[in-house]
Amino acid sequence: MIGICLLFTVVAIGVVGFWYLEGLDPFDALYLTITTITTVGYGDIVPETPTGKIFTAGLSLSGVGVAIYVLTGIIGSVLEGRLHVAFGIARAKRSVAKMKNHMIICGGGRTGNVIVDELRSEGLDLVVIEHDPEMIKELRKKEIPVVEGDATKDAILIDAGVERASGLVSTLPSDSDNLFLCITAKELNKDLEMVTRASSKEAAKRLYSIGVKKAVMIEEIGGRRLAKSLTKPAIVDFLEFATKTGEASLESLTVEKGAKIANKKVKELRIKERIGTSIVAIIREGKVIPNVGPEDEIKEGDTVVVIGKKELLDKLEEWVSSK
């Protein structure tokens with residue numbers, strides 16, 4: 001950009017100089033300026049006055065260098081794909097500007113990539129905030145909208161559309177960064193639902209205190225998964241197979257006031273027979289009720305956890321919400 005500005009400045013000086021010193025009309029002055037700084041020099045129009053010749057010499061010394069600098073920069077940009085990247089950035093900005101009720105993933109590393117894949121499989125709009133150039137390059141190859149910068153900065157969150165977003169996931173490695181990010185995001189959008197990683201129970205407690213919906217201790221979950229893989233590998237293999245292939249999926253449904261399933265026993269609903277899905281747990285006032293039996297009652301405000309094929313879960317959700 002600086003080089004192009006310099007080139008235009010040199011051309012403008014050349015046109016004005018030849019017009020004033022040689023008495024050329026603007027078109028001929030422009031023609032002589034371009035042939036001088038590009039070293040073409042056809043000889044059909046040449047400076048006649050001593051002052052004009054001195055001016056031409058100075059223009060050649062300065063203009064040729066600027067022209068070469070700009071041309072090599074343009075060629076380099078084309079060869080290195082910078083124009084492609086620039087168009088990609090512009091396209092991503094337009095895409096993010098149109099998003100509403102989307103998800104923001106802060107951190108595009110290994111954990112962030114898994115989150116992206118999961119959210120995309122759900123058909124959700126999302127944007128990733130990342131500062132590492134190599135990770136940004138890989139994300140753009142997958143045509144994932146990326147905002148480049150520090151996720152803890154107000155301006156970057158605003159560029160990612162935080163004021164219009166419905167959810168935010170932070171995978172930053174530092175608890176302090178996650179805490180500061182969540183505070184900032186909540187100030188910009190008080191209705192934003194936030195999920196973040198935490199390294200300890202103390203960190204999770206602080207995150208919950210500022211309105212984080214869920215603080216996940218990835219190392220603890222990973223450790224438990226490794227242990228289960230050793231002691232009960234069949235269960236782990238089944239869950240991985242089911243979730244990856246779509247043969248089974250877990251879904252949660254919030255029981256709203258007046259919902260079809262509210263204040264009824266499980267046996268009355270006959271969800272297994274009607275839909276083909278199974279209730280595996282009920283969450284009531286933050287407590288999990290496992291081993292749900294036919295005599296258990298589903299109340300207003302409960303969150304019901306069900307398992308089944310995705311298409312059947314969608315059918316269940318439609319049935320529950322229908323009048």
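**Helices, cores and loops of the predicted chain**

In the predicted model, helix α2 is followed by Thr39, a residue whose phi is positive, near 60 degrees. Most residues other than glycine have a negative phi. The helix that precedes Thr39 spans residues 26-37, and its 12 residues reach 17 Å from the first C-alpha to the last, close to the 16 Å expected at 1.5 Å a residue. At the N-terminal end, α2 is capped by Asp25, of which a side-chain oxygen lies 3.0 Å from the backbone nitrogen of Phe27. The buried residues of α2 are Ala29, Leu32 and Thr33, together with Thr35, Thr36 and Ile37.

For the protein chain as a whole, 14 helices and 12 strands were assigned. The radius of gyration computed for the protein chain is 32 Å, whereas a compact globule of 323 residues would have a value near 20 Å. Along the principal axes, the C-alpha atoms fill a box of roughly 105 × 45 × 40 Å. Of the 323 residues, 35% are buried, and among contacts with a separation of 6 or more, 57% are accounted for by residues 24 or more positions apart.

In soluble globular proteins, nonpolar side chains tend to be buried together. In the present model, the largest nonpolar core holds 27 residues, of which Ile104, Ile129 and Leu168 touch the most other members. At least two residues of this core are supplied by each of β1 (103-106), β2 (126-130), α7 (154-159), α8 and α9 (201-209). When residues up to four places away in sequence are not counted, the residues touched by Ile129 include Ile104, Ile105 and Cys106, as well as Val147, Ile156, Leu157 and Ala160. A second core, separate from the largest one, comprises 19 residues, among them Val255, Ile271, Ile275 and Val320.

Helix α8, one of the contributors to the largest core, has 14 residues and reaches 20 Å from its first C-alpha to its last, close to the 20 Å expected at 1.5 Å a residue. Within α8, the residues Asn178, Leu181, Cys182, Thr184 and Ala185 are buried. These residues lie on the same side of α8, because they cover an arc of only 165 degrees around the axis. The elements that cover the buried residues of α8 include the helices α7 and α9 and the strands β1, β4 (167-170) and β5.

The loop between α8 (175-188) and β5 (193-197) contains Asp191, which counts as exposed because its relative accessibility is 58%, above the 50% cut-off. Asp191 and Ile307 are 116 residues apart in sequence, and their C-alpha atoms are 29 Å apart in space.

Two asparagines in other loops also have a positive phi. Asn101, located in the loop between α4 (82-98) and β1, has a phi of about 55 degrees although it is not a glycine, and with a relative accessible area of 54% Asn101 is exposed. Asn291, in turn, is placed in the loop between β10 (287-290) and β11 (297-298); its phi is near 50 degrees, likewise a positive value in a residue other than glycine, and a relative accessible area of 72% makes Asn291 exposed as well.

Note on methods. Residues are numbered from 1 along each chain as its sequence is written. This is a predicted model: local features need pLDDT of at least 70, side-chain atom pairs count only at pLDDT 80 or more; totals for chains, interfaces and linings use all residues. Side-chain values use heavy atoms; hydrogens and water are left out. Helices (H or I, at least four residues) and strands (E, at least two) are DSSP runs, numbered from the N terminus. The expected span of a helix is 1.5 Å times one less than its number of residues. Buried means under 20% relative accessible area, exposed over 50%, partly exposed in between (1.4 Å probe, protein chains only). A polar contact is a pair of N or O atoms within 3.5 Å; within protein, one must be able to donate a hydrogen and the other to accept it, and residues adjacent in sequence count only if both atoms are side-chain atoms. A nonpolar core is a set of buried Ala, Val, Leu, Ile, Met, Phe, Trp, Tyr and Cys residues joined through side-chain atoms within 4.5 Å. Contact means heavy atoms within 4.5 Å. The arc is that of the directions from the helix axis to the C-beta atoms. The radius of gyration is taken over C-alpha atoms; the globule rule is 2.2 Å times the number of residues to the power 0.38.
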